[in-house]
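Reader: I have the model open and would like to go through its fold, its ligand shell and a few single residues. Where should we start?

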Amino acid sequence: MKLLVSPINNEEAISALKGGADIIDVKNPKEGSLGANFPGVIKGVKDTVGKQKPISAALGDFNYKPGTAALAAYGAAAAGADYVKIGLYDIQTEEQAYEMLAGITEAVRTMDNVPKVVACAYSDYARINSIDPALLPAIGAKAGVDLVMVDTGVKDGRSTFEFLNEAQLKDFVEKAHANGLETALAGSIKFDDIEAIKNIKPDILGVRGIVCGGDRSTSIKQELVEQLRARLS
Ligand SMILES: O=C[C@H](O)COP(=O)(O)O
């Protein structure tokens, strides 16, 4: 299983990299769960990490704005992102979700370095009135994304496991794999969740809070990334 760690700046990206993260996921928690950071920050992290590991960029927690989302994806990829990650935060229908995702895959498909497109839905979808992640594997496959993900939309410490049980998450992963997609699981994951995550078998585990020592508003610590990386092997 790959480990995706979400730094907010270059210094944290170095801690994530040295700790053994497989994917360096630039984001800006001040703007939400999948808050987007500035192109200069993405570029700076790309320059630092170079070809050692792929860079991912969060595009934002999106409502139904396909054009804005496609442009954000294009911009993040132009800034050096190898993965672009869109959050379907306020999306009511499968048609809206498809249009958002298809707009992004179409926008980036002719770029020199075509990024992997990650479609993220939220385990706490009911409390944010958005689309059920269970629908994402089929919609994502139809729209041509590479990866589907589950995260929490509200970062109040409640974990994905408080909203979806192990069987539901396993079903998500299996449906995605059956559709030819990779999977990522995130959402205030704790060290105690690791055995369940190993049973669920996502391709990628995404974290921030756990490698900040529990409070995602502080900084990523290299030794916690090392510990988590060791527990996943
Ligand atoms: O993409 C992964 C997220 O940044 C996870 O953050 P979190 O572990 O603090 O919920």
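Author: We start with terms: two strands pair if DSSP finds at least two bridges between them. Helices (H or I, at least four residues) and strands (E, at least two) are DSSP runs, numbered from the N terminus. This is a predicted model, in which local features need pLDDT of at least 70, side-chain atom pairs count only at pLDDT 80 or more, and totals for chains, interfaces and linings use all residues. Residues are numbered from 1 along each chain as its sequence is written.

Reader: How many bridges join strand 1 to strand 2?

Author: Strand 1 covers residues 2-5 and strand 2 covers residues 23-26. They run parallel, and Val5 has Ile24 as its bridge partner in strand 2. The number of bridges joining strand 1 to strand 2 is two.

Reader: In what order do the strands close into a barrel?

Author: Strands of a sheet pair through backbone hydrogen bonds, either parallel or antiparallel. Here the pairing is parallel, and eight strands close into a barrel. On the other side of strand 1, strand 8 pairs with strand 1 over four bridges, with Val5 opposite Val207. The order is 1-2-3-4-5-6-7-8.

Reader: By how many degrees are neighbouring strands of this sheet turned against each other on average?

Author: Axes are lines fitted to C-alpha atoms, for helices over the stretch in contact, and angles run from 0 to 180 degrees between N-to-C directions. For neighbouring strands of this sheet the direction is ignored. The average is 25 degrees.

Reader: What angle does the direction of helix 7 make with that of strand 7?

Author: Contact between two residues requires that their C-beta atoms, placed from the backbone, lie within 7 Å. Helix 7 (residues 166-178) packs on the sheet and touches strand 6 (147-151) and strand 7 (182-186). The angle between the directions of helix 7 and strand 7 is about 155 degrees.

Reader: Which residue of strand 4 is the bridge partner of Phe62?

Author: Strand 3 is joined to strand 2 by three bridges, and Ile24 has Ile55 as its partner in strand 3. Seven bridges join strand 3 to strand 4 (residues 83-90), again in parallel. The partner of Phe62 in strand 4 is Leu88.

Reader: Which residues of helix 2 are buried, and why are they on the same side of helix 2?

Author: A residue is buried if 20 or more other C-beta atoms lie within 10 Å of its own, exposed if 12 or fewer, and partly exposed in between, with C-beta atoms placed from the backbone. In helix 2 (residues 39-49) the buried residues are Val41, Ile42, Val45, Lys46 and Val49. They are on the same side of helix 2 because they cover an arc (that of the directions from the helix axis to the C-beta atoms) of only 135 degrees.

Reader: Which exposed residues are on the face of helix 2 turned away from its buried side?

Author: The buried residues of helix 2 have a cover that includes helix 1 (10-19), strand 2, strand 3 (55-63) and helix 3 (66-78). The face turned away from the buried side carries the exposed residues Gly40 and Asp47.

Reader: Is Glu12 buried or exposed?

Author: Glu12 lies in helix 1 and touches Pro7, Ser219 and Ile220, not counting residues up to four places away in sequence. Glu12 has 23 C-beta neighbours inside 10 Å, so Glu12 counts as buried.

Reader: In which loop is Lys201, and what is its phi?

Author: Lys201 lies in the loop between helix 8 and strand 8 (204-207). Lys201 is partly exposed, with 14 other C-beta atoms within 10 Å. Its phi is positive although Lys201 is a residue other than glycine, and the value is near 60 degrees.

Reader: How many residues surround the ligand, and which are the closest?

Author: A residue is near a molecule if its C-beta atom, placed from the backbone, lies within 6 Å of it. By class the shell has five nonpolar, six polar and five charged residues, where Ala, Val, Leu, Ile, Met, Phe, Trp, Tyr, Cys and Pro count as nonpolar, Asp, Glu, Lys and Arg as charged, and the others, Gly among them, as polar. The ligand is surrounded by 16 residues, and the closest are Ser6, Ala186, Gly206, Arg208 and Gly209.
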